[in-house]
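Here are my notes for you, written as numbered points. Keep the structure open beside them and find each piece as you read.

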Amino acid sequence: KHYSIYANDPTFRLIIASDGTITRTLQVLHLSAIDLEVREQSKVHLDPEIAKYLEISDPQKVISRKVWLKKAHQRLLYASTILAFSQRDQKILKEILLKEKPLGLLLEEYQLPSLKDKLTIGRLVHPGIAKGLGLTAATELWARHYRLTIQEGIRASVLEVFSPAAFRTA
């Protein structure tokens with residue numbers, strides 16, 4: 001597989017195992033601004049499986065958000081996020097609804113401590129995401145999934161799928 005070349009690459013390991021914001025990591029590694037392209041964002045009912053994963057007991061509406069992170073016009077990462085908010089999170093919720101900034105940069109801006117846990121790393125084949133990254137439909141892509149807990153009571157399930165271009169630095 002063409003991804004075997006990344007096994008000993010420290011840049012790959014740094015990105016895939018990073019516990020900081022992926023946006024900031026990509027900015028530093030690529031010496032470039034990273035832009036947000038929101039593909040889809042809506043309020044949805046919380047799926048019972050995701051509620052269990054997030055350890056949330058009461059059913060509530062959540063934000064489902066699918067985005068691309070880009071360097072200029074090149075997509076580096078696809079992210080699918082389910083965000084569950086408490087009533088006190090209205091300020092950051094309004095910012096997310098504006099669709100202007102990646103979640104990680106909002107956390108930095110508001111100085112909100114966060115914790116990533118339940119991390120899983122693997123490869124997947126997803127024709128739609130691969131096509132969106134400008135790759136062939138059968139391309140195996142590195143991905144990671146984790147739970148994000150933010151001090152203000154926000155919980156999120158985050159799936160990030162990486163383009164091979166994300167691992168090539170400036």
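**Notes on the pocket and the sheet**

1. Start with the largest pocket: 23 residues line it, and those nearest its centre are Ile-22, Leu-103, Gly-104, Tyr-146 and Glu-160. Its volume comes to about 340 Å³. Bear in mind that you are looking at a predicted model.

2. Who supplies that lining? Two or more residues each come from α2 (22-30), β2 (61-71), β3 (74-84), α5 (103-109), β4, β5 and β6. The top contributor is β3, with four residues. Sorted by character, the lining has 13 nonpolar residues, six polar ones and four charged ones.

3. Now step back to the sheet. It is open, has six strands with antiparallel pairing, and reads β1-β2-β3-β6-β5-β4 in order. The edges belong to β1 (35-45) and β4; each has a single partner strand, so one side of each has no neighbour in the sheet. On average, neighbouring strands are turned by 15 degrees against each other, direction ignored.

4. Which helices lie against this sheet? One of them is α2, which packs on it and touches β2, β3, β5 and β6. The direction of α2 makes about 0 degrees with that of β2. Helix α4 (residues 90-97) lies across β1, β2, β3 and β6, and runs at about 50 degrees to β2.

5. Take a good look at strand β5 (residues 140-150). Is it mostly enclosed or mostly open? Nine of its 11 residues are buried, so the rest of the structure largely encloses β5. Buried here means a relative accessible area under 20%.

6. You can trace the partners of β5 on both sides. Strand β4 (residues 114-125) runs antiparallel to β5 and is joined to it by 10 bridges; one example to find is Thr-120, whose bridge partner in β5 is His-145. With strand β6 (residues 154-162), β5 pairs in the antiparallel sense over eight bridges. There, Ala-143 has Val-161 as its bridge partner in β6, and Thr-149 has Arg-155. As background, strands of a sheet pair through backbone hydrogen bonds, either parallel or antiparallel.

7. Finally, check two loop residues for their backbone angles. Glu-55, in the loop between α3 (48-54) and β2, has a phi near 60 degrees, a positive value in a residue other than glycine. Gln-111 is not a glycine either, yet its phi is positive at about 50 degrees. You'll find Gln-111 in the loop between α5 and β4. Is Gln-111 buried or exposed? Its relative accessible area is 68%, so Gln-111 counts as exposed, the cut-off being over 50%.

Key:
Residues numbered from 1 in each chain as written. Predicted model: local features only at pLDDT ≥ 70, side-chain atom pairs only at ≥ 80, totals over all residues. Heavy atoms only, no water. Buried < 20%, exposed > 50% of the residue type's maximum accessible area, 1.4 Å probe, protein only. Pairing = 2+ DSSP bridges. 1 Å grid on protein atoms, 1.4 Å probe; cavity = no way out; pocket = protein on both sides within 12 Å on 5 of 7 lines; lining within 4 Å. Points joined across faces, edges and corners; volume = space filled by probe spheres on them. Nonpolar A, V, L, I, M, F, W, Y, C, P; charged D, E, K, R; others polar. Axes fitted to C-alpha atoms, helices over the stretch in contact; angles between N-to-C directions. Contact = heavy atoms within 4.5 Å.
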